[in-house]
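Biologist: Please pick one part of this model and look at it closely. Begin with the chain as a whole, then work inward.

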Amino acid sequence: LAYFLFGTCMHGSMGTGALVALLTGEALESIPDPEDRGETAALLSVMTGVVLLVMGLCRLGFLVRFFSRVSLSGFITGSALITGLSQMKNLTGGPVPTTKTWRSFHWGGLVTGHRVVTLVTSLAMLGFLLVLKQAKKRPGAPGVVLVAAQVKELLVVIFGLLVVMSLPQRYQ
């Protein structure tokens, strides 16, 4: 909320940092000790920084020109899939497919028990976002709709909080 009010962009965007964090977390989840996992993540960060520093000193930025639009588009699409799949456990409460198990994953058992309420609420929020996004593009849309479309993410958060507070304790 503070970033929404005082930040340079009212829409919080997820950049490549979130993707790097997800991939690092997935790579390090096999390390059982949290302290060792933290040390390994720090070492990985330092190594990545050194590689980027050396590449910068050697002025290797021109190599980016050789990436095709198709490969960049594939990277962006893959990033979206990884991010979306990483959030499915929170959404459904069940196990999620990983890079090793997605072919043999049982998709029918994805939604478990009390998470049906979470799934329905989440899908309703996504639908609300899509409706407001489309309404914003419609010519002659009322002013209230245009204002709501500008702050749709904030409205979803507020509505979600109200829904959660109104649910019985067993669903919270």
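Modeller: Of the 172 residues in the chain, 13% are buried. Bear in mind that this is a predicted model. The accessible surface comes to about 13300 Å². Carbon and sulfur atoms hold 70% of that surface. The chain has seven helices and zero strands. Read from the N terminus, the order is α-α-α-α-α-α-α. Take the contacts between residues at least 6 apart in sequence: 45% of them join residues at least 24 apart.

Now the close look. I choose the salt bridge, and the count for this model is one. The partners are Lys 152 and Glu 153, whose side chains meet at 3.9 Å, N to O. The cut-off is 4 Å, so this pair qualifies. Both partners belong to helix H7: Lys 152 is placed there, and so is Glu 153. Helix H7 covers residues 152-166.

How exposed or buried is each partner? Lys 152 has a relative accessible area of 12%. Buried means under 20%, so Lys 152 is buried. Glu 153 stands at 35% and counts as partly exposed. That value lies between the 20% and 50% limits, which is why Glu 153 gets the middle label. The bridge thus pairs a buried lysine with a partly exposed glutamate.

What does Lys 152 touch? Leave out residues up to four places away in sequence, and the contacts of Lys 152 are Phe 128, Leu 129, Leu 132 and Lys 133. Leu 129 turns up again with the other partner. The C-alpha atoms of Glu 153 and Leu 129 are 7.4 Å apart. Along the chain, 24 residues separate Glu 153 from Leu 129. So much for the bridge and its surroundings.

For context, turn to helix H3, which covers residues 34-57. Glu 39 lies in H3. A surface patch of negative charge gathers Asp 33, Glu 35, Asp 36 and Glu 39. Glu 39 is partly exposed at 48%. A patch residue needs over 30% relative accessible area, so Glu 39 passes that test. Glu 153 is over 30% as well, at 35%. However, patch residues must have no salt bridge, so Glu 153 is ruled out of any patch by its bridge to Lys 152.

Helix H3 also holds Val 50. Val 46, Val 50 and Val 54 make a nonpolar surface patch of about 250 Å². Val 50 is partly exposed, with a relative accessible area of 46%. That too is over the 30% limit, so Val 50 can be counted in a patch.

After H3 comes a loop that leads to helix H4 (69-92), and Arg 59 lies in this loop. Its backbone deserves a check. Most residues other than glycine have a negative phi. Arg 59 has phi near 55 degrees, a positive value, and it is not a glycine. Arg 59 is exposed, with a relative accessible area of 70%. The limit for exposed is over 50%, so the label fits.

Back to the chosen part. The bridge joins Lys 152 and Glu 153. The lysine sits in H7 and is buried. The glutamate is partly exposed. Contacts of the lysine include Phe 128 and Leu 132.

Technical notes:
Residues are numbered from 1 along each chain as its sequence is written. This is a predicted model: local features need pLDDT of at least 70, side-chain atom pairs count only at pLDDT 80 or more; totals for chains, interfaces and linings use all residues. Side-chain values use heavy atoms; hydrogens and water are left out. Patches are made of residues with over 30% relative accessible area and no salt bridge: like charges are joined within 9 Å, nonpolar side chains (Val, Leu, Ile, Met, Phe, Trp, Tyr) within 5 Å. Accessible areas come from the Shrake-Rupley method with a 1.4 Å probe; for residues, only the protein chains shown count as cover. Lys and Arg count as positive and Asp and Glu as negative; His and the chain ends are not counted. The place of a charge is taken as NZ of Lys, CZ of Arg, CG of Asp or CD of Glu. Helices (H or I, at least four residues) and strands (E, at least two) are DSSP runs, numbered from the N terminus. Buried means under 20% relative accessible area, exposed over 50%, partly exposed in between (1.4 Å probe, protein chains only). Contact means heavy atoms within 4.5 Å.
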